[in-house]
Amino acid sequence: MTIGWLLAAEEGGFGVDFNILETNLINLVIIIGVLYYFGGKFLGKTLSTRQSAIQTAITEAEQRKKEAAAALAEQQQKLAQAQAEAKKILSEAQTSAERTREAILAQSQTDVERMRATAAQDLTSQEARVMRELQQRIAALAIERSEAALPGQLNDDLQRRLVDSSIALLQGE
């Protein structure tokens, strides 16, 4: 039967055409029609699902972008606050250091003045001690010379007057 069918095609009947260019075009039209008819629903669902997945991904990406922008703004605000706090701490530290410096300078000045006063007092007391020692030494030398000179100049009458004068001085005190 296959031979009869081939022969019928040659005589202008229905049969298989071996011309590749003509048959491919017809086959393509048939395949596209079948795909459109049966695959339209499937392809439409697939494309619809794909479109909704892409839309969801875009929405999620936009949401993440907004969250990232909010987080960035928050972190920038925290950074600004930290920088302000650091400036404040630095300013307070500088003020504290200046006050401490002034206090140390004032204490040093007070210590210098106290040392000067102590040195002056020590000098005055040393001076007074040296003066007492000099007076004692002068008095001792004067007594020594007087004792050395008196035996030769002292007679009985002079001795009585000295004793009377000393007694009178002791009674008056």
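**Surface, salt bridges and confidence of a helical chain**

The chain exposes about 15900 Å², of which carbon and sulfur atoms supply 62%. The structure is a predicted model, and the description that follows is to be read with that origin in mind. Of the 173 residues of the chain, 1% count as buried. The secondary structure comprises three helices and zero strands, so that, because helices are numbered from the N terminus, the order along the sequence reads α-α-α.

Confidence is uneven along the chain. The mean pLDDT of the chain is 83, and 84% of its residues reach 70 or more. Among the elements of the chain, confidence is highest in helix α2, at a mean of 88, and lowest in helix α1, which covers residues 2–10, at a mean of 46. Over residues 1–9 the pLDDT stays under 50, and for this stretch the model has ten contacts beyond four places in sequence. Where pLDDT is low, the predicted coordinates should not be read in detail.

Side-chain charge pairing was examined next. The count comes to six salt bridges. In one of these, Lys78 is paired with Glu74, with the closest N and O atoms 3.4 Å apart. Lys78 and Glu74 are four residues apart in helix α2 (residues 20–153), and are therefore separated by about one helical turn. Lys78 is partly exposed, at 42% relative accessibility, and Glu74 is likewise classed as partly exposed, at 40% relative accessibility.

A salt bridge is also formed between Arg116 and Glu113, whose side chains meet at 3.5 Å, N to O. Both Arg116 and Glu113 lie in helix α2, where they are three residues apart, about one turn of the helix. With a relative accessible area of 54%, Arg116 is exposed, because the exposed class begins over 50%. Glu113, in contrast, counts as partly exposed, at 39% relative accessibility.

Another salt bridge joins Glu102 to Arg101, for which the closest N and O atoms are 3.0 Å apart. The relative accessible area is 41% for Glu102, which is partly exposed, and 45% for Arg101, which is also partly exposed. This pairing belongs to a wider arrangement, in that Glu98, Arg101 and Glu102 are linked in a network of salt bridges.

Apart from the charged pairs, a nonpolar patch was identified on the surface. Ile26, Ile30, Val34, Tyr37 and Phe38 form this patch, and together they have about 570 Å² of accessible area. One of its members, Val34, is placed in helix α2. Val34 counts as partly exposed, at 41% relative accessibility, a value that satisfies the accessibility requirement for patch membership because that requirement is set at over 30%.

Taken together, the predicted model describes a chain of three helices and zero strands, in which 1% of the residues count as buried. Helix α2, the element with the highest confidence, contains the Lys78 and Glu74 pair, the Arg116 and Glu113 pair and the patch residue Val34. Helix α1, by comparison, has the lowest confidence in the chain.

Conventions
Residues numbered from 1 in each chain as written. Predicted model: local features only at pLDDT ≥ 70, side-chain atom pairs only at ≥ 80, totals over all residues. Heavy atoms only, no water. Helix = DSSP H or I, 4+ residues; strand = E, 2+ residues; numbered from the N terminus. Buried < 20%, exposed > 50% of the residue type's maximum accessible area, 1.4 Å probe, protein only. Areas by Shrake-Rupley, 256 points an atom, 1.4 Å probe, with all protein chains shown as cover. Salt bridge = Lys/Arg side-chain N within 4 Å of Asp/Glu carboxyl O. Patch = residues over 30% accessible without salt bridge, like charges linked within 9 Å, V, L, I, M, F, W, Y side chains within 5 Å. pLDDT = per-residue confidence, 0-100. Contact = heavy atoms within 4.5 Å.
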